[in-house]
Amino acid sequence: MSHPDPRPLRASAPSAPLAGRLGVPGDKSISHRALMFGAVAVGTTEITGLLEGEDVLRTAAAMRALGATVDNTGPGAWRVSGRGVGGLVEPADVLDMGNSGTAARLLLGLISGHPLFAVMTGDASLRRRPMKRVTDPLSATGAQFWTREGGRLPLAVRGAADPLPIDYVLPVASAQVKSACLLAGLCAPGTTRVVEKEPTRDHTENMLRHFGATVSVEDTAEGRVIRLEGQPELVAAPVLVPGDPSSAAFPVVAALLVPGSRVVVENVGLNPLRTGLFTTLREMGAALRIENERIAGGEPVGDIVAEYTELSGVTVPPHRAPSMIDEYPVLAVAAAAARGVTRMKGLAELRVKESDRLAATAALLAVNGIKAEIEGDDLIVHGTGGAIPGGGTVETHMDHRIAMSALVMGLAARSPVTADDAAFIDTSFPGFATLMNGLTAGAPLAAP
Ligand code: S3P
């Protein structure tokens with residue numbers, strides 16, 4: 001399945017190494033949350049560095065439909081005038097969340113605590129993805145859901161008039177499910193409690209505190225226990241969105257793979273629950289350094305310096321998956337060039353991303369001459385220890401990260417690699433091709 005108007009893009013080995021300093025667009029997770037929290041805070045939230053990708057623009061439109069005032073005041077600068085906790089109003093039309101699972105699931109949490117009726121849909125990729133993982137716990141608030149077969153979108157929701165707080169042990173490591181429960185808990189009296197066995201990204205917890213809510217986090221034998229005191233008065237607060245480490249991953253891996261390269265990605269968010277890829281690449285021997293590390297907008301940020309290195313295969317433990325869940329496709333590209341075997345363990349969640357990313361990544365490798373196997377929930381990549389053959393056309397399945405991974409591979413391959421549809425890159429990384437081409441001569445990323 002592809003875009004109604006597919007935009008193929010091809011990457012070839014550049015004639016010169018990649019070099020230079022660049023910034024990547026704002027963090028997608030933090031951008032969605034900034035708009036949502038701004039919409040339920042009292043006062044005006046000023047956001048700087050917001051990701052203006054299609055996914056986040058869907059959230060902006062949805063928050064407007066739910067009664068908030070959302071204005072774009074300059075590049076990356078957005079202003080949200082909120083309605084206060086419990087103040088969202090019934091949307092007059094269907095909420096279309098496009099390609100974005102985060103937007104859909106977090107918003108269902110927020111809506112659950114409001115006595116309103118809403119219908120939600122998304123594109124063909126999002127309509128395939130499981131929503132039961134949020135509608136199940138959210139039903140405990142008293143909200144009601146009517147979904148398609150298998151708990152899929154489109155769905156209808158009637159939020160609870162008197163929502164109850166949730167007490168939920170997450171069956172899967174998912175920041176989206178955790179966040180949906182916490183957002184529902186904003187409107188409920190008493191304490192909402194969520195337990196996660198593996199810690200996942202904590203931007204929701206951090207931002208709730210930033211807007212004045214009381215959130216406690218405790219590591220126990222049961223796992224990480226997060227408690228939110230319900231019905232807080234959220235007060236508008238400025239949000240500074242750092243560069244997205246999941247987007248930085250693409251120029252970083254490209255620099256590691258193209259001989260002679262040296263690239264600096266500036267102002268990247270380095271929340272430890274997001275940096276599993278950089279840990280793994282270092283274990284593979286990558287010359288990666290962080291410079292200028294600092295705290296900005298309550299999150300650690302820094303500049304990543306990546307230089308060409310001959311990498312070696314490693315085993316990536318399953319417990320690292322939540323901290324690099326979106327980075328496996330591009331890690332697989334690095335593994336394809338590494339010497340020896342890379343074994344990535346515990347990737348079941350990749351099957352329910354924008355595409356079945358486990359299958360799509362294995363196919364990306366195979367079509368470009370790299371031996372790879374899926375064993376249970378593990379991906380095993382046999383690295384060449386040198387150049388990647390390439391020459392394949394990768395089916396991107398409406399998945400931005402598969403498209404960008406394919407194009408990074410093309411920069412390091414003997415023969416060009418084509419992404420069958422690069423249109424979805426705009427969901428998270430608008431300007432990707434221009435930015436990558438800016439690092440070298442001769443525009444290696446171009447329409448075939
Ligand atoms: C996200 C959480 C992750 C990630 C997604 C963004 C978030 O999903 O894949 O791109 O912002 O909370 P899961 O939490 O479902 O693994």
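Q: In which loop is Gln-231 found?
A: In this predicted model, Gln-231 is not a glycine, yet its phi is positive, at about 50°. The elements that flank Gln-231 are two strands, and its place is the loop between strand S13 (223-229) and strand S14 (239-240).

Q: What is phi of Ala-443 near?
A: Ala-443 is found in the loop between helix H12 (432-437) and strand S26 (445-446). Ala-443 is a residue other than glycine, and its phi is positive, near 45°.

Q: Which strand holds Pro-154?
A: The peptide bond that leads from Leu-153 to Pro-154 is cis, and its omega is near -5°. Pro-154 is found within residues 152-158, which form strand S9.

Q: Which helix gives the largest share of the shell around the ligand?
A: The residues around the ligand include Lys-28, Ser-29 and Arg-33. Two helices, H1 (28-39) and H5 (175-185), each supply at least two residues of this shell. The largest share is three residues, and its source is H1.

Q: How many charged residues does the shell around the ligand have?
A: Among the residues around the ligand are Arg-201, Asp-326 and Lys-353. By class, two residues of the shell are nonpolar and four are polar, while the charged ones number five.

Q: How much of the accessible area of the ligand does the protein cover?
A: Polar side-chain atoms of two residues lie 2.7 Å from an oxygen atom of the ligand: one belongs to Ser-29, the other to Arg-33. A polar backbone atom of Gln-176 is 3.0 Å from an oxygen atom of the ligand. On its own the ligand has 380 Å² of accessible area, and the share covered by the protein is 95%.

Q: Why does the ligand lie between two domains, and which domains are they?
A: The space that the ligand takes is the largest pocket. Around the ligand stand residues such as Thr-102, Ser-174, Ala-175 and Ile-325. Residues of the shell come from both 9-25 + 242-446 and 28-230, so the ligand lies between domain 1 and domain 2.

Technical notes
Residues numbered from 1 in each chain as written. Predicted model: local features only at pLDDT ≥ 70, side-chain atom pairs only at ≥ 80, totals over all residues. Heavy atoms only, no water. Near = heavy atom within 4 Å. Polar contact = N/O pair within 3.5 Å; in protein donor to acceptor, adjacent residues only side chain to side chain. Areas by Shrake-Rupley, 256 points an atom, 1.4 Å probe, with all protein chains shown as cover. 1 Å grid on protein atoms, 1.4 Å probe; cavity = no way out; pocket = protein on both sides within 12 Å on 5 of 7 lines; lining within 4 Å. Sits in = over half its atoms within 2 Å of the grid points. Helix = DSSP H or I, 4+ residues; strand = E, 2+ residues; numbered from the N terminus. Nonpolar A, V, L, I, M, F, W, Y, C, P; charged D, E, K, R; others polar. Domains from an automatic or database assignment.
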